[in-house]
Amino acid sequence: MPVRDSQCVYHRHIRCTTTTVLEGELRVWEQLDGGGEVVKVKSVGSCSRDGENEVHMEGSGDDDAIIVFAMRTDGEVIYEPFNDDLTLRRAITVKDFHRD
């Protein structure tokens, strides 16, 4: 389903994640040491492989976006979403995906 002008919560991937932008754009907000954030914009056709354990938030731009995410793990935990104060909310595991 295409999404527009939306974003997820801050989180981190446990292992590398590959993203491919099929339509629209992907915006990535990264926390800076000492506070603040930087926003990176990935346009249509971009394919990137991002590092693990980076605290960030992803979202779309002003237009509809279709993004493919490929996530991997060596264990059970795939990614960890954070609360607004950047404390760990919970771990998302392979079993969570099996339930869906």
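This is a short dialogue on reading a predicted model, feature by feature.

Student: Where do I start with the sheet? What holds strands together in general?

Tutor: Strands of a sheet pair through backbone hydrogen bonds, in either the parallel or the antiparallel sense. Here, 3 strands form an open sheet, in the order β5-β2-β7. The pairing is antiparallel.

Student: Which strands are the edge strands?

Tutor: β5 (47-50) and β7 (66-71). Each of them pairs on one side only. From one strand to the next, the twist averages 20°.

Student: How many bridges join β2 to β5?

Tutor: There are 4 bridges between β5 and strand β2, residues 17-23. To fix the register, pick one pair. Thr-19 has Ser-48 of β5 as its bridge partner.

Student: What about β8? Which strands should I look at beside it?

Tutor: Take β1 and β9. β1 and β8 pair in the antiparallel sense, over 3 bridges. β8 and β9 also run antiparallel, joined by 2 bridges. For the register of β8 with β9, use Val-77, whose bridge partner in β9 is Thr-93.

Student: Which residue of β8 stands opposite Arg-12?

Tutor: Glu-80. These two residues also form a salt bridge, with their closest N and O atoms 2.6 Å apart. So read them twice: as a backbone position in the strand pairing, and as a side-chain contact, because a salt bridge is defined by side-chain nitrogen and carboxyl oxygen within 4 Å.

Student: How far apart are Arg-12 and Glu-80 along the chain?

Tutor: They are 68 residues apart, with Arg-12 in strand β1 and Glu-80 in strand β8. The pair links distant parts of the chain.

Student: Is Glu-80 buried or exposed? And what of Arg-12?

Tutor: Use the cut-off: under 20% relative accessible area is buried, over 50% is exposed, and partly exposed lies in between. Glu-80 has 12%, so Glu-80 counts as buried. Arg-12 has 25%, so Arg-12 is partly exposed.

Student: How many salt bridges does the structure hold?

Tutor: It holds 5. Among them is one between the side chains of Arg-15 and Asp-74, at 3.0 Å from N to O. This pair also links distant parts of the chain, 59 residues apart. Arg-15 is in the loop between β1 and β2. Asp-74 is in the loop between β7 and β8.

Student: How do I place Arg-15 and Asp-74 on the accessibility scale?

Tutor: Arg-15 is at 28%, so Arg-15 counts as partly exposed. Asp-74 is at 67%, so Asp-74 counts as exposed.

Student: Which side chain meets that of Arg-27 in a salt bridge?

Tutor: That of Glu-25, at 2.6 Å from N to O. Glu-25 has a relative accessible area of 22%, so Glu-25 is partly exposed.

Student: Now the pockets. What should I ask of the largest pocket?

Tutor: Ask for volume, lining and chemistry. The volume of the largest pocket is about 370 Å³. Its lining counts 21 residues. Nearest the centre lie Cys-8, His-11, Glu-58, Gly-59 and Phe-69.

Student: Which strand gives the most to the lining of the largest pocket?

Tutor: β7, with 4 residues. At least two residues each come from β1 (11-13), β6 (56-60), β7 and β8 (77-81).

Student: How do the lining residues divide by chemistry?

Tutor: The lining of the largest pocket has 14 nonpolar residues, 6 polar and 1 charged.

Student: What should I check in the loops?

Tutor: Check phi. Leu-86 has a positive phi of about 65°, although Leu-86 is not a glycine. Leu-86 is in the loop between β8 and β9 (92-93). With a relative accessible area of 34%, Leu-86 is partly exposed.

Student: How do I compare separation in sequence with separation in space?

Tutor: Take C-alpha distances for two pairs. Ile-14 and Glu-52 are 38 residues apart in sequence, and their C-alpha atoms are 5.4 Å apart. Ile-14 is in the loop between β1 and β2. At 15% relative accessibility, Ile-14 counts as buried. Now take Arg-90 and Glu-23, which are 67 residues apart along the chain. Their C-alpha atoms are separated by 30 Å. Arg-90 is in the loop between β8 and β9. Arg-90 is partly exposed, at 39% relative accessible area.

Conventions
Residues are numbered from 1 along each chain as its sequence is written. This is a predicted model: local features need pLDDT of at least 70, side-chain atom pairs count only at pLDDT 80 or more; totals for chains, interfaces and linings use all residues. Side-chain values use heavy atoms; hydrogens and water are left out. Two strands pair if DSSP finds at least two bridges between them. Axes are lines fitted to C-alpha atoms, for helices over the stretch in contact, and angles run from 0 to 180 degrees between N-to-C directions. On a 1 Å grid over the protein atoms alone, a cavity is a set of points where a 1.4 Å probe fits but cannot get out, and a pocket is an open set with protein on both sides within 12 Å along at least five of seven lines; lining residues have an atom within 4 Å of a point. Grid points are joined across faces, edges and corners, and a volume is the space filled by probe spheres set on the points. Ala, Val, Leu, Ile, Met, Phe, Trp, Tyr, Cys and Pro count as nonpolar, Asp, Glu, Lys and Arg as charged, and the others, Gly among them, as polar. Buried means under 20% relative accessible area, exposed over 50%, partly exposed in between (1.4 Å probe, protein chains only).
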